[in-house]
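The exercises below are meant to be worked with the sequence and the coordinates side by side. Each task is followed by a solution that proceeds step by step.

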Amino acid sequence: MTELPDFYPAMPEVVLAFSGLLLLLYGAVCRNALPRFVGYATVLVLLAVQVLEMTTAPGDAVTFSGLFISDRYAVFMKSLVLLGSALAVILSFDYHEHEKQERVEYPIFILFATLGMMMMISANSLLSLYLGLELQNLCLYVLAAIRRDTLKSTEAGLKYFILGALSSGLLLYGMSLIYGFAGSTEFPVLAEILTAADTQTPMGVVVGLVFVMAGLAFKISAVPFHMWTPDVYEGAPTPVTAFFAMAPKIAAIALFMRVLLDPLGGLVEEWRQVVVAVSLASMILGSFAALAQTNIKRLMAYSSIGHVGYALVGLATGTPAGVQGVLIYMTVYLFMVVGTFAVILCMRQHDRMVENIKDLAGLSKTHPMIALAMAVFMFSMAGIPPLAGFFGKLYVFLAAIEAGLYTLAILGILTSVVGAFYYMRIVKFMYFDESHEPLDRWIGRDIGLIMLVAGVFTMFFFVYPEPILAAASVAASSLFTG
Amino acid sequence: MVLHLPILSLVTFLPFIGALFIFMIKGDEATVARNSRQLALWASLVTFTLSVVLILSFDSDAAGFQFVETEQWISGLGIHYRMGVDGISVWFVLLSTFLTPLCVLASWESIRSHVKEYMIAFLVLETMMVGMFCALDFVVFYLFFEGVLIPMFLIIGVWGGPRRIYAAFKFFLFTLAGSVLMLIAVLTFYVVVGTTDIQTLMQARIDPSLQYWLWLAFFASFAVKVPMWPVHTWLPDAHVEAPTAGSVILAGVLLKMGAYGFLRFSLPMLPEASLFFQPLIFTLSVVAIIYTSLVALAQEDMKKLVAYSSVAHMGFVTIGIFTVSVQGVEGALFQMLSHGIISAALFLCVGVVYDRIHSRDIARYGGLVHRMPAYALVFMVFTLGALGLPGTSGFIGEFLSLLAAYQTNRLLAVLASIGVVLGAVYMLWLYRRVMLGVLEKEELKSILDLNRREVAIFTPLVVLVLWMGIYPEYFLGFMHVSANNLVENFEIAHGLQLAVAAP
């Protein structure tokens, strides 16, 4: 008779899983289940789990025979993911009501995707990593194609699925190589084997490392594995795109960092060059390719590629300061992105969604508050102080210079000037141009509230940044001691 | 009594609080516009009054920073919110707070759309400018330094002329490209020295081989701001397209940020590199003085002419700073103040006729003196000031800078003084073409002279130009100790004896 594992460190996940099942049951059994009710319940569950996560997390605990770890780093990242998911569900209400697309499945998919992400973040072994990742991916594929009656959405879903499956294949192949040459799938054991100074790192592990990184680079949409991003972002329904840009991205970055720093931390010299190259390529492509975009969702896709590039600058250092920078960057990024997508969801003309940047023309006259919020997000994404986006850049570039990565820092910061150009282009349309076809004068209350909260956060982050900076510092150091 | 108040923070953030109040104004368009104007004027006047209190309680014999405030801000990195002024920065604080109410007044009637947003942008801009001159921590400084871009970008882009979008983008991207390199330098400072406290960094000795790189990064940022030839090309565009008040702030204060940066950071923190790159600065400055003066001669647009003359005048400033002598530094400081007032006034003068005729084409004017005697007088004072006539503020700054240049390098002084001659040529020629001659053009025959609001704007400016020209010692007195201190520290850092004759 085997003993039951200790469930306490995984309490938030357990609660989330059971709530998800209950909601699913309700949706399946009740003939006239209310999608709105399920949506609100999902938000409540996500926020409750977040509270649970922040209050009950035991610090450093490993359970399920070493497959699952709950440390400060996991708590920080899971909080971001939970917040991002909850915000994405709230953002979707108005859209779905307007498009007559209210479904019970939608929030439940987000809920289970979130569960997958939390498992990923807490993975302490290559196996549990893969399980979490696939749980998340399956939900995401369906979400991308959730409007199965439209060609664009199904195309996006299919593309995402094929490329996602390919990247999972790469990842699995890399993991099998690492397992074959190092002899374990567990992170602590791997870390011990690979940091042992006297042994030469087996070639197979290095090849496996490259495959694992390629697979994970797909998930965070870093160049050169970014091809799916613009198409999926454009094709998926806008609330789904908003969700994709927030929670899964943050979770994948979290996973990427844990894998590279924890089990593969001893190979920092090997993977650093890859991260530097991927980071530079992402920053450059993200800023230059976005210049020519006219569709705002495509533009956001390239913008997110660029932001991943900046976040990877922090990771390339391989130091606690760098990880702290990434955590701050992702926190700020979450708020900027949710705000921007809230604005994009307001873009309607004659009751139909529009996505061209030009449709924003003259917004400062027709909708001054939305224009102001959007301008704040754009200036912040461009990294102009004193807005929040600047602090993200400050921390990652500081870490890069501390680690002596001058070339990366200088090239990276110069691409941010190019990036500033296309963010400013949006401001230009809103403020400098006359509108020919104003947007509808309709704005959902939930969306307005999200815009306000995100806007105030982005604008006044500089007044009292201390709590977030300190939490990120604690979280980052726990990744190195654990 | 006054000293116990955080006066610098008050001066910095009062305009911002004013902007928040304007933000909350509600009602129909006319009421909002009227109330925003009033509130902006009062907020900026109160700020100016406070800054006068600041200068009156400033101790001009003390060498260090005064009114210092320190608050914990980002404890993880040991970054503090530090404010303080010395003899170098205190006048720039005053210049910013002095020009802002004038800008609000100058926009009273000419800005008709989005008055509320316009006033908010100006007050936020004032906060950024004052904060930048007061900041004693590098990160805080950088925050304000680059924060200036947001309101200025919007001011040029929303309320500017026909090519405003091009001008706004050019301004934004040029300055941003320079500033981000400075950010890298600031971070490098932090990594090498372990702090971003400006006072500590001034004492720190940086390895010379690293100094060169840091100096170049700073140079990228400050040279664009000054602006120095050949990165000055954003300036004529920005000036021409910006609304009058935007040009005033641009010429009056924003250009000084670059020169202030050289004085505050490049010289004290990177002395070896500053000396090493001295010939580069001198060459670029002389080219700027002569080349842009010639370009100014060829201009058909009044604002463009004044804009190019700004580049030439700032050439004297950079020469003065990099002679690193007491006269040079004081001359540069004085020239900056004087230029801040004269070029601001010249842009306001152009704005006066632009409001009436809606053209800045020199050829559209002529013989204005017959219809606008008061305006002609005011314009005369500033024209003479700009060409550096003794008795006006322009003379003192140029004279001191040239004197210092002569002691450093005679050829430099000779070449730079060609610029003085050219300056007289283009300014007087402008005056002749616009003001003198026969009043022939039909549309000018009914033009009105200055109204009371405009007289109120120009009176303090005229008074200052003459005051600074006739009794410069009042202004220089505040600078002596700080300038001496700067030069002494520079020499100690070198162990060199530069020929300095203390005045």
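**Exercise 1.** Work out what span the 19 residues of helix α5 (residues 126-144) of chain A should have, and compare this with the distance between its end C-alpha atoms.

*Solution.* The model is a predicted one, and every value used here is computed from it. The expected span is 1.5 Å times one less than the number of residues, so the 19 residues of α5(A) should extend over 27 Å. The end C-alpha atoms of the helix lie 26 Å apart, which agrees with that expectation.

**Exercise 2.** Determine which residues of α5(A) are buried, and which elements of chain A they pack against.

*Solution.* Begin with the criterion, by which a residue is buried if 20 or more other C-beta atoms lie within 10 Å of its own. In α5(A) the buried residues include Leu126(A), Leu129(A), Leu133(A), Leu140(A) and Leu143(A), and also Gly132(A), Gln136(A) and Asn137(A). Next, look for their partners: the buried residues of the helix pack against the strand β2 (68-70) and against the helices α4 (105-121), α6 (151-182), α9 (228-235) and α10 (238-261) of chain A.

**Exercise 3.** Assess the overall dimensions of chain A against what a compact globule would have with 482 residues.

*Solution.* Chain A contains 19 helices and four strands, and its C-alpha trace spans about 70 × 60 × 40 Å along the principal axes. For a compact globule with 482 residues the radius of gyration would be near 23 Å, and the 21 Å of chain A agrees with this. As a further step, consider burial and contacts: 61% of the 482 residues count as buried, and, among contacts between residues at least 6 apart in sequence, 80% join residues at least 24 apart.

**Exercise 4.** Describe how helix α4 (residues 115-134) of chain B crosses helix α5 (residues 138-147) of chain B.

*Solution.* The two axes come within 8 Å and cross at roughly 145°, and the crossing is left-handed. At the residue level, Met128(B), Gly131(B) and Met132(B) of α4(B) meet Phe141(B), Phe144(B), Phe145(B) and Gly147(B) of α5(B). Sorted by class, this contact comprises five nonpolar, two polar and no charged residues.

**Exercise 5.** Characterise the side of chain A that touches chain B.

*Solution.* The contact draws 26 residues from chain A and 26 residues from chain B. On the chain A side, α16 (388-402), α17 (406-431) and α19 (466-481) each supply at least two residues, and α17(A) gives the most, with eleven residues. That side has 21 nonpolar, two polar and three charged residues.

Notes:
Residues are numbered from 1 along each chain as its sequence is written. Chains are lettered from A and ligands numbered from 1 in the order in which they are written. This is a predicted model: local features need pLDDT of at least 70, side-chain atom pairs count only at pLDDT 80 or more; totals for chains, interfaces and linings use all residues. A residue is buried if 20 or more other C-beta atoms lie within 10 Å of its own, exposed if 12 or fewer, and partly exposed in between; C-beta atoms are placed from the backbone. Two residues are in contact if their C-beta atoms, placed from the backbone, lie within 7 Å. Axes are lines fitted to C-alpha atoms, for helices over the stretch in contact, and angles run from 0 to 180 degrees between N-to-C directions. A crossing is left-handed if the near helix is turned anticlockwise from the far one by less than a right angle, and right-handed if clockwise. Ala, Val, Leu, Ile, Met, Phe, Trp, Tyr, Cys and Pro count as nonpolar, Asp, Glu, Lys and Arg as charged, and the others, Gly among them, as polar. The radius of gyration is taken over C-alpha atoms; the globule rule is 2.2 Å times the number of residues to the power 0.38.
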